[in-house]
Structures are given as structure tokens and as C-alpha cells.
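Student: Could you take me through one part of this structure slowly? I would like to see how one helix sits among its neighbours.

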Amino acid sequence: RRPLVSVARVLANVDYQVSARKYRPGTFDDVIGQSHVVQTLMNSIATKRIAHAFLFSGTRGVGKTTVARILAKALNCEQGPTGSPCNTCANCQEITQGTSVDVVEIDGASNTSVDDVREIRENVKFTPFRGQYRVYIIDDQYKGLTRIGEECAFFGHSDHSVGLVLCTSNVDFANREAVYLR
């Protein structure tokens, strides 16, 4: 009989990547079907009129979080801020791999406590470590992150090197929150 090989050991030797990550767009040029959004963001970067907060809304799978990550890359690329991140510098590589300390991705569905908000407020004070911007991407913001939505005004008063991207699939909630924040 052949000895059984553990599944974990076999998988550890395989360089596997989920297809959604493997084929995810890495630059604005790779994004399909969102040309109006991409052009607006690229114009914003080119004219150096970068807002401190962005609100991306739409149905599941349209690329809200992907565009937010590309925006973070565009702002923190060593050649930038640029509308065409290089994807080869250390900053772009770290953002692509999800290991950048300057880009914080927060799951809005599970980080809803007062302590979570307090932690974000404390960390906003720090300057970016490597890139030019510290970007907070709050995904699924409508699912319970109302407290952060209510507290987001501190991003507008923070340093210009801090950016906030709210991603939501609940357009009604997004519009209500955007009006509330103004």
C-alpha cells in the first residue's frame, strides 16, 4: 500500500491562486465597463485634485473594491501619484499582495464596534509609511458600519495624505450616508 499524503502538504507545494485574484485588473487600463469612473479618477490624479473621500456604489461584482485598490496603487506608486501605476515598484507589489501598511482594507460587515472606530481614528494620525497616501478601503460599508459612517467626518479634517474609500452595494444607504456626511 502507498502511504497517504496529507492534503495540506500537497497544497503547500502547489502555487494556487483564486481565479478572481489571478485575473483581477491591476491598472485603470485593465478595467472594463467602468470607463466613466476610471476617466474621472485619472483626471483627478492628473490635475492633482484628489478628494479625501470616495464613495463607490453598485451591484455585486462591478469592481468597486478592485477600483479602490487600483486607486490606492495609483496614489502610492513610486512614479506617482499617477493614473498609470507601474505594478513593479515595491509599493504597487505590496498593495497587489495585500501586505501594504499604507492601504488598510476593512470589512464593514464585521468591524462595527466602537473599538474598531476608535482604532481607525487613532491610526489616521500617522503619516504614510512608504507611499504618499494612507488609504482606508471600507468594503460592504452598509452592512453594519453605520458607526464608522457617522464618525467619518474626522477623515475630512485629517491630513491630506489620508484617503477614505467607501464601497457599498446598497445605493440608497450610500446616498443617505453621503448626504449625512456633508
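Tutor: Happy to! Let's start where two helices meet: the crossing of α3 and α4 is right-handed. Please keep in mind that this is a predicted model. Helix α3 covers residues 35-46 and helix α4 covers residues 64-76; their axes lie 11 Å apart, at an angle of about 20°. Angles under 35 degrees count as roughly parallel, and α3 and α4 are therefore roughly parallel to each other. Now look at the side of each helix that takes part. From α3 come Val37, Leu41 and Ile45, while α4 brings Val67, Leu71, Ala74 and Leu75. Sort the residues of this contact by character and you get seven nonpolar, no polar and no charged.

Next, turn to the other partner of α4. Helix α5 is made of residues 90-97, and its axis comes within 9 Å of the axis of α4, with a crossing of roughly 160°. Angles over 145 degrees count as roughly antiparallel, so α4 and α5 are roughly antiparallel to each other. This crossing, of α4 and α5, is right-handed. Here α4 contributes Arg69, Ala72, Lys73 and Asn76, and α5 contributes Asn91, Cys92, Ile95 and Thr96. The contact of α4 with α5 has a mixed make-up: three nonpolar, three polar and two charged residues.

Now go back to Leu71 and Leu75, which you met in the contact of α4 with α3. Both residues also help line the largest cavity, together with Ala51, His52, Phe54, Val135, Gly163, Leu164 and Val165. How many cavities of 30 Å³ or more does a search of the whole structure find? The search finds one, and the volume of the largest cavity is about 30 Å³. Two elements, α4 and β4 (162-168), each give two or more residues to its lining. The largest share, three residues, comes from β4. By character, the lining of the largest cavity divides into seven nonpolar, two polar and no charged residues.

So here is the picture to keep while you turn the model. Helix α4 runs roughly parallel to α3 and roughly antiparallel to α5. Through Leu71 and Leu75, α4 also takes part in the lining of the largest cavity.

Technical notes: Residues numbered from 1 in each chain as written. Predicted model: local features only at pLDDT ≥ 70, side-chain atom pairs only at ≥ 80, totals over all residues. Heavy atoms only, no water. Axes fitted to C-alpha atoms, helices over the stretch in contact; angles between N-to-C directions. Helix = DSSP H or I, 4+ residues; strand = E, 2+ residues; numbered from the N terminus. Parallel < 35°, antiparallel > 145°, perpendicular 65-115°, else oblique. Left-handed = near helix turned anticlockwise from the far one by under 90°. Contact = heavy atoms within 4.5 Å. Nonpolar A, V, L, I, M, F, W, Y, C, P; charged D, E, K, R; others polar. 1 Å grid on protein atoms, 1.4 Å probe; cavity = no way out; pocket = protein on both sides within 12 Å on 5 of 7 lines; lining within 4 Å. Points joined across faces, edges and corners; volume = space filled by probe spheres on them.
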